[in-house]
Amino acid sequence: MLQNPFYAALLLPFVLFCGAVLLYLAASMLLRKAGVLLKGRVSTGLLLGPLKPLALSVSGLLLRPAMALYAAPYLPLYSHLVAILFVVAFSWFSMRAFRVASALIQRYYNLEKQDNLEARRVATHLELLRKVLNVLIVIVAASIILMRFDPVRQVGLSVLASAGIVGIMLGFAAQRSIATLIAGIQIAVTQPIRIDDVVIVENEWGRIEEITLTYVVVRIWDQRRLVVPISHFLEKPFQNWTRTSAELLGTVYLYTDYQVDVEVLRKELQRIVEGTQLWDGRVVGLQVTNATERTLELRALVSARNSSDAWDLRCLVREKLLGFLREHYPGSLPKLRIEGEGV
């Protein structure tokens, strides 16, 4: 019976189909087992979603000989549908695979530690590279699907080669969008900002939470989210407090009476910073930076490991110095003097 061409044509696709099913089951089991490697950062279950239609499309391709025997008139339509399903599933699987691979690489870089410059650089590169690859995968997949159909084959070729009348028209219509995409790629290469950088944008203090090819999400200190076009970081000035290092200097201004003993305040400032872990031990100083007709302006300068510690340290120094003056030298607080002559 196996020597009969009819049965032989059925046996091979059936065996291959069973092999594809077993391969899918084995891959699913391995992905679930491998999920612990990521330690909860991202689940390998992300790959199980696209793996199902991918296995189904592969099985459909293996069953083409059987379709040729039993339903030859429908074979062209069947082939088109299976091929489109395979392209879509493979593209989906590829995008998810890049996401999982990115999470695996980031396992070795800790964004939570104090000196995380290298981790932020790698995270930014991976995030933007993954988004660029996603865009390319979608373009190539759409082109391949279009080329499956003769009436729009030329459109598919034009999209794939980025040429032709359709490409030119889309280019003119989407000049701003293309410029934004190019800006996103430029940000990925030059990295004026990175994931978790501390920045001042639009007079708002926050951290870079997400960088896409078209916009950047800044997490404001009060948990709001500021969404900024990515071109903003190339066209307008902004402050990056962690460009080369997270260390910062913080200033505290006090306004006192002329009777204040600056040297006593300087020693008290030294005592305050030495008693807190917020100070990194690099810089501490107190100077008279201005004198008006009523008050002296004193500037306390302190250093900290990062912007959060610098803010807390400034608040602590301000509170402690004012409390020290109020308790020990109340006459040094600002006062309004009125002098008059007796009649």
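Two strands pair if DSSP finds at least two bridges between them. The exercises below apply this definition, and others, to a predicted model.

**Exercise 1. Describe the pairing of strand β8 with β6 and β7**.

Solution.
1. Begin with strand β6, which covers residues 248–256. Nine bridges join β6 to β8, and the two strands run antiparallel. One of the residues involved is Gly250, whose bridge partner in β8 is Val302.
2. Turn next to strand β7, residues 279–291. Eight bridges connect β7 with β8, again in antiparallel fashion. Here Asn290 stands opposite Glu297 of β8.
3. Both counts satisfy the requirement of at least two bridges, with nine for β6 and eight for β7.
4. Finally, consider the connection in the chain: β7 and β8 form a hairpin, with four residues between them.

**Exercise 2. Determine whether strand β8 is largely enclosed or open, and state why**.

Solution.
1. A residue is called buried when its relative accessible area is under 20%.
2. Strand β8 spans residues 296–304, and eight of its nine residues are buried.
3. The strand is therefore largely enclosed by the rest of the structure.

**Exercise 3. Explain which parts of the chain are tied together by the salt bridge between Arg224 and Glu204**.

Solution.
1. Side chains of opposite charge can pair when their charged atoms come close.
2. The side chains of Arg224 and Glu204 meet at 3.2 Å, N to O, and the cut-off for a salt bridge is within 4 Å.
3. Arg224 lies in the loop between β3 and β4, whereas Glu204 belongs to strand β2, so the pair ties together parts that are 20 residues apart in sequence.
4. Both residues are partly exposed: Arg224 has 40% relative accessibility, and Glu204 has 21%.
5. The pair also belongs to a network of salt bridges that links Glu204, Asp222 and Arg224.

**Exercise 4. Analyse the salt bridge between Glu268 and Arg271 and state whether each residue is buried or exposed**.

Solution.
1. The closest N and O atoms of Glu268 and Arg271 are 2.5 Å apart.
2. Both residues lie in helix α10 (residues 262–274); being three residues apart, they are separated by about one helical turn.
3. Glu268 has a relative accessible area of 10% and is buried. Arg271, at 52%, is exposed, since exposed means over 50%.
4. For context, a search of the whole structure finds 10 salt bridges.

Terms used:
Residues are numbered from 1 along each chain as its sequence is written. This is a predicted model: local features need pLDDT of at least 70, side-chain atom pairs count only at pLDDT 80 or more; totals for chains, interfaces and linings use all residues. Side-chain values use heavy atoms; hydrogens and water are left out. Buried means under 20% relative accessible area, exposed over 50%, partly exposed in between (1.4 Å probe, protein chains only).
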